[in-house]
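I opened my notebook on this structure with three topics in mind: the pocket, the surface and the confidence. My entries follow.

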Amino acid sequence: MFKCSYKYNEEDNVIGTVYTVQKNSQKLAWFKWLMLVLLAMNIGLLIWDIYDHESIVLDVILLLLVVITTILIFCWPILIKYMARRTFQKQIADKDNILIIMDESTCAVSFFKNNIEVAKEILSWNQLTNYVEDDLRLILMFNLKFVVIRKEFFIGEYDLFKKLIDKNLSDNSKAK
């Protein structure tokens with residue numbers, strides 16, 4: 001059994017959210033290029049219609065839609081960070097502590113306030129889709145949910161835990 005208990009902060013929530021969204025939205029990269037191509041085509045069509053003395057009302061409407069969509073796509077990381085900060089402030093900021101208990105089959109995450117458990121979620125290793133590790137933390141991704149494990153507060157043999165994660169991740173990828 002492995003454990004981790006610490007004061008969950010806004011930075012942990014933002015980093016976990018950003019990594020999870022990045023790993024789960026690989027399609028966004030090609031969509032950015034598609035929007036840029038559509039923007040170029042739309043501008044070309046607008047110039048053609050002006051040159052041909054055609055009505056440009058529909059062209060201008062389409063151009064505005066493409067420009068707004070392109071701006072939103074490129075601002076996506078800023079929006080994700082804002083939503084993560086807002087979620088933390090509304091739902092997690094008043095909690096004192098997080099306790100993560102991991103065994104062979106589950107990862108249980110509990111939030112405490114005044115030493116009383118106020119929220120708990122049990123995630124199965126069968127749902128593990130990915131993980132990211134940096135110098136301070138390990139982020140486990142369970143579909144669109146994530147668990148942030150701070151390395152400095154981890155209790156247990158870290159190398160053995162990493163083997164458990166890799167085993168479950170490879171089992172899950174074979175099952176698909």
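**Pocket lining**

I sorted the lining of the largest pocket by class and got 15 nonpolar, six polar and three charged residues. The model is a predicted one.

I then looked up the volume of the largest pocket, which is about 510 Å³. Its lining holds 24 residues, and N13, I92, E121, K145 and F146 are the closest to the centre. Next I asked which elements give two or more residues to this lining. They are α1 (10–24), α4 (76–92), β2 (97–102), β3 (106–113), β4 (116–124) and β7 (145–150). Which element gives the largest share of the lining? I found that α1 does, with six residues.

**Surface patch**

I turned to the surface and noted a nonpolar patch. I listed its residues as I50, I56, V60, L64, I68, L72, W76, L79, Y82 and M83. Together they have about 900 Å² of accessible area. Two elements came up as giving two or more residues to the patch: α3 (57–74) and α4. I placed I68 in helix α3. I also noted that α4 appears in both lists, giving two or more residues to the pocket lining and two or more to the patch.

**Confidence**

I checked pLDDT last. The chain averages 85, and 95% of the residues score at least 70. Where is confidence lowest, and where is it highest? I found the lowest in helix α2 (residues 27–51), with a mean of 77. Strand β8 (residues 154–155) has the highest, at 93. I added a reminder that predicted coordinates should not be read in detail where pLDDT is low.

Technical notes. Residues numbered from 1 in each chain as written. Predicted model: local features only at pLDDT ≥ 70, side-chain atom pairs only at ≥ 80, totals over all residues. Heavy atoms only, no water. pLDDT = per-residue confidence, 0-100. Helix = DSSP H or I, 4+ residues; strand = E, 2+ residues; numbered from the N terminus. 1 Å grid on protein atoms, 1.4 Å probe; cavity = no way out; pocket = protein on both sides within 12 Å on 5 of 7 lines; lining within 4 Å. Points joined across faces, edges and corners; volume = space filled by probe spheres on them. Nonpolar A, V, L, I, M, F, W, Y, C, P; charged D, E, K, R; others polar. Patch = residues over 30% accessible without salt bridge, like charges linked within 9 Å, V, L, I, M, F, W, Y side chains within 5 Å. Areas by Shrake-Rupley, 256 points an atom, 1.4 Å probe, with all protein chains shown as cover. Salt bridge = Lys/Arg side-chain N within 4 Å of Asp/Glu carboxyl O.
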